[in-house]
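This briefing introduces a structure to a reader who has not met it before. Please keep the sequence and the three-dimensional view at hand while reading the points below.

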Amino acid sequence: MKRVILSPLKVQLPAGERKVLPAGSIVNGFHIVRLAEPGAGVYMVEFQWGQQSLSCPLHSFLPRTGVLDAASDAFHTSAAVA
């Protein structure tokens with residue numbers, strides 16, 4: 001499943017470098033990872049943008065992305081759980 005960035009999204013590369021993906025960017029291959037630090041309770045999303053592997057907090061990813069419907073090239077927003 002692919003997702004489209006709806007508003008600028010701050011992301012991190014594996015080496016720690018940070019960048020901002022612009023609205024309209026298409027990402028795929030994402031999965032959710034729970035950080036191992038004790039008491040962190042933070043979930044990250046790891047995904048692909050072009051040939052780059054990126055990550056960001058789940059709470060940032062969900063409200064700034066929508067599901068891209070490959071059949072119609074339309075996107076559908078997902079509701080984030082607070």
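Strand 1 (residues 2-5) and strand 7 (residues 65-69) pair in the antiparallel sense, with four bridges between them. The structure is a predicted model, and the protein chain has an average pLDDT of 84. The points below take up strand pairing, the aromatic rings, the surroundings of S53 and the confidence of the model.

**Strand pairing and R3**

- Within the pairing of strand 1 and strand 7, I5 has T65 of strand 7 as its bridge partner.
- Strand 1 also pairs with strand 4, again in the antiparallel sense, and this pairing has three bridges.
- R3 belongs to strand 1, and its bridge partner in strand 4 is V27.
- R3 counts as buried because its relative accessibility is 6%, and buried means under 20%.
- The side chain of R3 also makes a polar contact of 2.9 Å with the side chain of T65.
- T65 is thus named twice here: as the bridge partner of I5 and as the side-chain partner of R3.

**Aromatic rings**

- Two aromatic pairs are present in the structure.
- One of them joins F30 and F61, whose ring centres are 5.7 Å apart and whose planes stand at 50°, a tilted arrangement.
- F30 lies in strand 4 (residues 26-34) and F61 in helix 1 (residues 58-61), so this pair ties together parts that are 31 residues apart in sequence.
- F30 is partly exposed, at a relative accessible area of 29%.
- F61, by contrast, is buried, with a relative accessible area of 1%.
- The rings of F47 and F61 also pair: the centres are 5.3 Å apart and the planes are at 35°, so this pair is tilted.
- Because F47 is in strand 5 (residues 43-49) and F61 is in helix 1, the pair of F47 and F61 ties together parts that are 14 residues apart in sequence.
- F47 is buried, with a relative accessible area of 1%.
- Through these ring pairs, F30, F47 and F61 are linked into a cluster.

**Surroundings of S53**

- S53 is located in strand 6 (residues 52-57).
- Is S53 buried or partly exposed? With a relative accessible area of 35%, S53 is partly exposed.
- Beyond its neighbours within four places in sequence, S53 is in contact with Q12, L13, P14, F47 and Q48.
- Among these partners, Q48 is joined to S53 by a polar contact of 2.8 Å between the side chains.
- Another of these partners, F47, is a member of the ring cluster.
- S53 and F30 are 23 residues apart along the chain, and their C-alpha atoms are separated by 9.5 Å.

**Confidence of the model**

- A pLDDT of at least 70 is reached by 79% of the residues.
- Over residues 77-82, pLDDT stays under 50.
- For residues 77-82, the model has seven contacts beyond four places in sequence.

How values were computed. Residues are numbered from 1 along each chain as its sequence is written. This is a predicted model: local features need pLDDT of at least 70, side-chain atom pairs count only at pLDDT 80 or more; totals for chains, interfaces and linings use all residues. Side-chain values use heavy atoms; hydrogens and water are left out. Rings of Phe, Tyr and Trp (its six-membered ring) pair if their centres lie within 6.5 Å; planes under 30 degrees apart count as stacked, over 60 as edge-to-face and the rest as tilted. Helices (H or I, at least four residues) and strands (E, at least two) are DSSP runs, numbered from the N terminus. Buried means under 20% relative accessible area, exposed over 50%, partly exposed in between (1.4 Å probe, protein chains only). Two strands pair if DSSP finds at least two bridges between them. Contact means heavy atoms within 4.5 Å. A polar contact is a pair of N or O atoms within 3.5 Å; within protein, one must be able to donate a hydrogen and the other to accept it, and residues adjacent in sequence count only if both atoms are side-chain atoms. pLDDT is the predictor's confidence in each residue, from 0 to 100.
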